[in-house]
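Please take me through this structure stop by stop, telling me what to select in the viewer and what I will find there. I am new to it, so explain each term when it comes up.

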Amino acid sequence: MDALKIATAGSVDDGKSTLIGRLLYETKSLKLDQLELLTKKSQQKGYDYIDFSLATDGLLTERAQGITIDVSHLYLTTPKRRYVLADAPGHQEYTRNMVTAASNAQAAVVLLDARKGVVEQTKRHFYITQLLGLNHLIFAINKMDLVDFNQEVYQKIADEIQLLVNSELRSVVQYHIIPISALHGANITHHSPSTPWYDGPSFMEALSRIPSEIYAPSELNVLQVQWVIRPKTEAHHDYRGFAGKVQSGIFKKGMPITIFPSKLKTTVLKIERYGQEVDSVQQGENASLILADQVNVDRGSTLISDALGTVRCEQSWKARICWLQNTPLNTQSVYLLQHGPQVVKCKILHIRSKTNIETGVEEQTNSIELNDIGIIEFMTDQPITATDFKTHRHLGSWILIDPQTNNTAAVGMNQSEI
Amino acid sequence: MNLALKQLEEEAIYIIREVLGQSRNPCLLFSGGKDSIVLVHLAIKACAPAKLPFPLVHIDTGHNFEETLAFRDRLVNRIGARLVIGSVQEDIDAGRVLEEIGPSASRNTLQTTTLLRTIEENKWDACLGGARRDEEKARAKERIFSVRDVFGGWNEKNQRPELFELLNGRIQHGEHLRVFPISNWTELDVWNYIREENLELPSLYFAHKRWVFERKGSLMPVSTLLERSEHEQPIETWVRFRTVGDMSCTAAVTSTAQDIDRVIEEISGATISERGARLDDQRSEGAMEERKKAGYF
């Protein structure tokens with residue numbers, strides 16, 4: 001069994017809650033007491049069917065205001081795979097929530113209304129998935145029951161989607177366009193007799209086909225140190241284990257490594273996982289490295305083996321950012337930049353442009369506000385050991401922290417060629 | 001260990017190490033339940049070969065199952081951890097909280113005062129907890145690093161977005177973090193992990209013979225803490241508990257599952273959700289949300 005994280009996007013009217021409720025039901029993730037509550041609530045509302053959208057019915061505060069506040073997490077388990085759905089609500093803070101959900105996902109579901117086809121919001125959703133480098137998409141055309149499961153309606157929308165996808169230069173995106181009815185359960189787990197003309201996979205089938213290891217393994221062997229383990233006991237008197245997660249590549253016993261930003265060189269003496277010695281550790285695994293020489297390594301140090309390649313250890317960078325807090329970007333302010341475990345001071349030197357996320361066009365501006373996406377140049381007080389986002393998802397991304405509030409003000413993705 | 005479970009373990013240990021790297025004075029909230037037992041195990045792995053550099057904290061309602069307390073003391077002893085106990089009885093005696101009365105009285109809500117007082121007294125800036133997003137819808141919206149204001153409150157409208165693996169643990173003086181390393185685990189994941197890692201659990205989790213009575217469709221344990229009406233006749237039957245909370249609000253389920261394989265079989269086919277057996281959540285629809293805002297675990 002493996003795991004897949006998916007971001008779901010679509011406005012409330014597209015029936016997203018109904019789809020998610022339906023998925024919970026079809027995968028038997030809803031228990032009897034939860035189902036009884038749904039049935040009862042549906043009856044109270046006078047429906048003659050179970051309104052699955054009530055399964056994701058939000059917090060009291062949200063219902064009082066009739067909005068969805070925040071990214072919600074749902075879990076589906078099938079015999080072969082476990083899914084985490086990060087559901088981003090619509091409304092004003094849409095961009096912020098969708099960027100957040102997509103940053104933690106390996107794939108995205110974009111929901112459309114069969115009666116409306118590709119609308120501005122579809123373009124936004126798609127644009128954000130591309131910004132965050134999601135290469136696996138499912139376009140679900142919902143409410144097919146309201147257009148009599150008409151093939152021509154489907155084909156027209158599918159053509160529009162293809163046009164949209166082709167407008168992005170990156171040709172790596174893999175996607176399915178599926179006609180569904182979340183309300184009636186059509187093409188959710190099985191091929192629906194209502195769409196004999198559709199020969200693609202059902203929604204769940206399409207999800208199950210997405211490979212879980214979707215980021216190409218990197219040649220770069222990188223570990224950022226989170227914490228130095230120092231037991232200070234008799235048995236481990238001089239023990240210093242540099243604990244962190246292998247961000248990419250592989251580390252082996254005896255490998256030569258360079259420590260950044262000091263650029264000191266040493267070799268890996270021993271590798272431990274949770275106190276047990278191992279020969280090697282690879283991408284995604286936590287480890288403690290014990291080094292051959294007594295060198296200065298702290299939280300925030302980056303250990304890299306072999307050639308530096310595309311990694312740069314510098315103070316000046318260009319990036320695409322998404323602004324996440326109410327207070328707009330201030331080029332006079334000093335922010336904190338968190339890059340992996342490393343935190344440095346940061347100044348935005350120049351706002352290059354703001355992206356119109358409905359058209360993808362860069363527009364001249366001198367301000368970046370909540371939910372804006374733009375391109376900036378910045379400088380840090382200490383060098384950061386980083387890459388472009390497209391080269392390395394982890395080394396290429398960071399967050400800005402507002403030191404006055406400690407809030408997460410923005411997320412950035414390095415991009416040297418702009 | 002299957003890949004999905006291994007990924008969950010790696011994620012949790014990464015989060016615990018972020019706490020070790022970012023917080024000055026963390027602690028681990030330990031209830032004696034299966035989720036916090038898993039959390040302790042993950043914390044031990046994250047710190048090995050060093051001992052846990054933070055204490056386990058138990059908020060004792062005074063209404064705990066004996067089995068839970070015995071288990072807690074054995075575990076603390078075995079791993080050589082420091083244990084801090086926050087006593088709800090102490091807060092009742094000092095008049096800081098008022099004991100509920102009536103047949104559905106519970107000390108569940110009172111725990112919040114004791115928890116916040118204990119956090120403040122010990123100046124903890126980060127509290128690791130075993131809450132999971134699949135438990136309840138207010139928890140489905142919870143962050144991994146969740147900031148609590150100086151009153152210990154949770155503001156659902158002002159949560160920090162969490163992007164990639166970047167966890168922002170910076171707080172103002174007087175605030176603290178609640179950190180949930182097993183956020184993305186489901187009940188079944190927890191059980192599968194316990195089986196995989198061969199972890200010991202309090203005997204309450206397995207089928208045993210016990211005197212219980214039926215209340216609002218739930219099987220409540222017979223104890224001096226629960227007043228029974230004349231209709232609530234005790235019966236002796238085979239049960240187990242799915243969560244181990246305060247004795248006054250934790251219901252049992254009928255079960256014959258005496259070992260972990262049988263328990264997993266039962267849960268895989270279970271028709272009632274885990275928190276469906278918690279009367280504290282059934283009090284009202286937003287019961288968990290309201291308690292979270294007040295600083296509840």
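The tour below begins with helix packing in one chain and then visits three single residues.

Before selecting anything, note that this is a predicted model, in which local features need pLDDT of at least 70 and side-chain atom pairs count only at pLDDT 80 or more, while totals for chains, interfaces and linings use all residues. Residues are numbered from 1 along each chain as its sequence is written, chains are lettered from A and ligands numbered from 1 in the order in which they are written, and side-chain values use heavy atoms, with hydrogens and water left out.

**Stop 1: helix α7 of chain B and its partners**

Select residues 187–197 of chain B, which form helix α7; helices here are DSSP runs of H or I with at least four residues, and strands are runs of E with at least two, numbered from the N terminus. Now add helix α2 (residues 34–47) of chain B, which packs against α7(B) at an angle of about 55 degrees with the axes 10 Å apart, where axes are lines fitted to C-alpha atoms over the stretch in contact and angles run from 0 to 180 degrees between N-to-C directions. That angle makes α2(B) oblique to α7(B), because angles under 35 degrees count as roughly parallel, over 145 as roughly antiparallel, 65 to 115 as roughly perpendicular and the rest as oblique. Contact, meaning heavy atoms within 4.5 Å, involves residues including V38(B) and L42(B) of α2(B) and W191(B) and I194(B) of α7(B). The residues of this contact divide into six nonpolar, one polar and five charged, with Ala, Val, Leu, Ile, Met, Phe, Trp, Tyr, Cys and Pro counted as nonpolar, Asp, Glu, Lys and Arg as charged, and the others, Gly among them, as polar.

Next, select helix α1 (residues 3–22) of chain B, whose axis lies 11 Å from that of α7(B), at an angle of about 90 degrees, so α1(B) and α7(B) are roughly perpendicular to each other. Here L5(B), L8(B) and E9(B) of α1(B) meet D189(B), N192(B), Y193(B) and E197(B) of α7(B).

Then select helix α8 (residues 260–268) of chain B, which packs with α7(B) at about 165 degrees, the axes being 10 Å apart, and the two helices are therefore roughly antiparallel. By class, their contact has seven nonpolar, two polar and three charged residues.

**Stop 2: R72(B)**

Is R72(B), in helix α3 (residues 66–79) of chain B, buried or exposed? Its relative accessibility is 8%, so R72(B) counts as buried, a word used for under 20% relative accessible area, with exposed meaning over 50% and partly exposed in between (1.4 Å probe, protein chains only). The side chains of R72(B) and H58(B) make a polar contact at 2.7 Å, that is, a pair of N or O atoms within 3.5 Å, of which, within protein, one must be able to donate a hydrogen and the other to accept it, and residues adjacent in sequence count only if both atoms are side-chain atoms.

**Stop 3: Q325(A)**

Move to chain A and select Q325(A), in the loop between β16 (312–323) and β17 (335–339). Q325(A) counts as buried at 7% relative accessibility, and a polar contact of 2.9 Å joins its side chain to that of D402(A).

**Stop 4: R228(B)**

Finally, return to chain B and select R228(B), in the loop between β8 (218–221) and β9 (235–241). R228(B) counts as partly exposed at 36% relative accessibility, and its side chain reaches the backbone oxygen of E232(B) at 3.3 Å.
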